[in-house]
Amino acid sequence: MWRVLWTLVARAARGPRSPRSCTRQGSGAPAPGSGATIFALSSGQGRCGIAVIRTSGPSSGHALRSLTAPRDLPPARSACLRLLSHPRSGEPLDHALVLWFPGPQSFTGEDCAEFHVHGGPAVVSGVLQALGSVPGLRPAEAGEFTRRAFAHGKLSLTEVEGLADLIHAETEAQRRQALRQLDGELGHLCRGWAKTLTKALAHVEAYIDFGEDDNLEEGVLEQADSQVRELELALSAHLRDARRGQRLRSGAHVVVAGPPNAGKSSLVNLLSRKPVSIVSPEPGTTRDVLETPVDLAGFPALLSDTAGLREGVGPVEQEGVRRARERLEQADLILAVLDASDLASPSSCNFLDTVVVRPGAGSPRENSQRLLLVLNKSDLLPRGGPDPRPDLPPHLLLSCLTGEGLNGLLEALRKELAEVCGDPSTGPPLLTRVRHQHHLQGCLDALGHYKQTKDLALAAEALRLARGHLGRITGGGGTEEVLDIIFRDFCVGK
Ligand SMILES: Nc1nc2c(ncn2[C@@H]2O[C@H](COP(=O)(O)OP(=O)(O)OP(=O)(O)O)[C@@H](O)[C@H]2O)c(=O)[nH]1
Ligand SMILES: [K+]
Ligand SMILES: [Mg+2]
């Protein structure tokens, strides 16, 4: 019996009826224009200490020899000091460290060379021109090095996305998340799920082929069912978290709201460390929603300053209040600001009743919005006095004027944002892109069909479909269109 099943597992893994199997190999499609040897400046533009220029492709070794004296290739993967000169004119260009990475043990899987030159613009352009004069070499397109690495199975699609995110990471949390994805954690998880599906498929196919056979162990189909059920639970849990990973990539929406003059704009300026909003003693100063991207306690956020919420004002301010309420609806996290010395005013009470403690809304808030209540202007309270309103929901005391309480607020923000964006230092790998979410949902839908159908052939087909979706997350059978979207995120030289 086990031999039968084992053959079927192997067959299901090969996927005789579906040509796409789920492996970490690339799409199999050659990178566009591969065959040529490409070159580009891979470090940042502008004057710098060291600039790195690299090549990838079959003529890399020839290019390296043409530019260097002595003209022999350095030992693989060791840095050597060489004089670089123009291969046609012989003009010296720079003393540089050069590296030779024979394929397939290189970033792209092809022969690669690196030139670490002095970072002046004239040196860089001189070396680029020299490389352009070597037959068979051409400048690289944006993302072409990574695309070749993908095409040669060096990186899976989720790892490519991780690399793109790492290049663009601006906050600590984004860097951690990108590094985890680049390390292949998400891909590993998907491949584990795909393996479970392969086993379930083997069970179903065993039943189709040997159902009448006495040798077949009892309960083969039940085993497949229970594997599918477990997988459904795991996928659903991940999908519930899907928005978090996306917020971590693009920034959580943090909206500062409160009654007029509570110090909302002062807080926005304090958190963003720049004068984003006008601050004045006049209530109703802020009218439009002012949005600024900030690094909040290591997490990326889009911080919005809004008009003070109050009734019975002129048409322009009323429009500001309408926009503020609209923005509040879209917030992932509300920073509710009140003037600690003015908690009994009608606008404070109204804000507390309508936004902070929504009638009938228990905790946690509906639609998973989170809220931090901040009592600002604590410097106006008697020093060391009692809490101004112990009856209020949990809150933090702050003075934008003196900065007292800022560290406590940042720590609270870190905790809240870890909930909103997911904590990349712990927990399961996050789904950072709509694409991941789409395929997980597709996989779940197919598993739904599997459960509904009575026809075993259709059930097997549903499992194959489900597995195909998982495969596409890591890049098996990636269409050119998806690849184009992902590689657009890269710069030339990466
Ligand atoms: N004493 C004291 N004054 C503060 C503090 N924070 C802000 N203020 C003052 O409070 C006034 C209002 O500050 P804003 O930041 O303009 O308040 P706002 O909530 O944005 O006001 P609107 O946009 O008009 O709704 C200004 O005069 C600030 O200098 C604080 O912590 N302590
Ligand atoms: K004001
Ligand atoms: Mg303001």
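In the predicted model, Leu83 forms part of strand E4, which spans residues 80–85. This leucine is partly exposed, because 13 other C-beta atoms lie within 10 Å, whereas 20 or more would be needed for a residue to be classed as buried. When its neighbours within four places in sequence are set aside, Leu83 is in contact with Ala69, Pro92 and His95. A further relation links Leu83 to Pro70, a residue 13 places away along the chain, with a separation of 8.0 Å between the two C-alpha atoms.

The surroundings of strand E8 (residues 252–257) differ from those of Leu83, in that 6 of the 6 residues of E8 are buried. In a regular strand, the side chains alternate between the two faces of the sheet. Both faces of E8 are covered, with Ala252, Val254 and Val256 buried on one side and His253, Val255 and Ala257 buried on the other. Strand E8 pairs with strand E10 in the parallel sense over 5 bridges, and it is also joined to strand E11 (residues 333–339), again in parallel, by 4 bridges. Val255 illustrates both pairings, since this residue stands opposite Ser304 in E10 and opposite Ile334 in E11. Val254, for its part, has Leu303 of E10 as its bridge partner.

Strand E10 (residues 299–305) is itself mostly covered, with 6 of its 7 residues buried. Besides its parallel pairing with E8, E10 is joined by 7 bridges to strand E9 (residues 290–296), and in this case the two strands run antiparallel. Within the E9–E10 pairing, Asp295 has Pro300 of E10 as its bridge partner. The two strands form a hairpin with 2 residues between them, in which Ala297 adopts a positive phi near 50°.

In soluble globular proteins, nonpolar side chains tend to be buried together. The largest nonpolar core of the model comprises 70 residues, of which Val254, Leu296, Leu335, Ala336, Leu417 and Leu463 touch the most other members. Helix H7 (residues 185–210) supplies the largest share of this core, namely 10 residues. Because domain 1 (1–32 + 144–241 + 428–494) and domain 3 (251–421) both give residues to this core, the core lies between these two domains. Leu463, one of the residues that touch the most other core members, is in contact with Leu197, Ala200, Leu201, Val204 and Tyr450, leaving aside its neighbours within four places in sequence. A second core, separate from the one just described, is made up of 40 residues, including Ala51, Leu67, Val117 and Val160.

The ligand site was examined in terms of the residues that surround it. There are 22 residues around ligand 1, among which Gly263, Ser265, Ser266, Thr286 and Gly308 come nearest. Helix H10 (residues 264–272) gives the most to this shell, contributing 3 residues. By residue class, the shell around ligand 1 consists of 11 polar, 8 nonpolar and 3 charged residues.

Notes: Residues are numbered from 1 along each chain as its sequence is written. Chains are lettered from A and ligands numbered from 1 in the order in which they are written. This is a predicted model: local features need pLDDT of at least 70, side-chain atom pairs count only at pLDDT 80 or more; totals for chains, interfaces and linings use all residues. A residue is buried if 20 or more other C-beta atoms lie within 10 Å of its own, exposed if 12 or fewer, and partly exposed in between; C-beta atoms are placed from the backbone. Two residues are in contact if their C-beta atoms, placed from the backbone, lie within 7 Å. A residue is near a molecule or strand if its C-beta atom, placed from the backbone, lies within 6 Å of it. Ala, Val, Leu, Ile, Met, Phe, Trp, Tyr, Cys and Pro count as nonpolar, Asp, Glu, Lys and Arg as charged, and the others, Gly among them, as polar. A nonpolar core is a set of buried Ala, Val, Leu, Ile, Met, Phe, Trp, Tyr and Cys residues joined through C-beta atoms within 7 Å. Domain bounds come from an automatic or database domain assignment. Two strands pair if DSSP finds at least two bridges between them.
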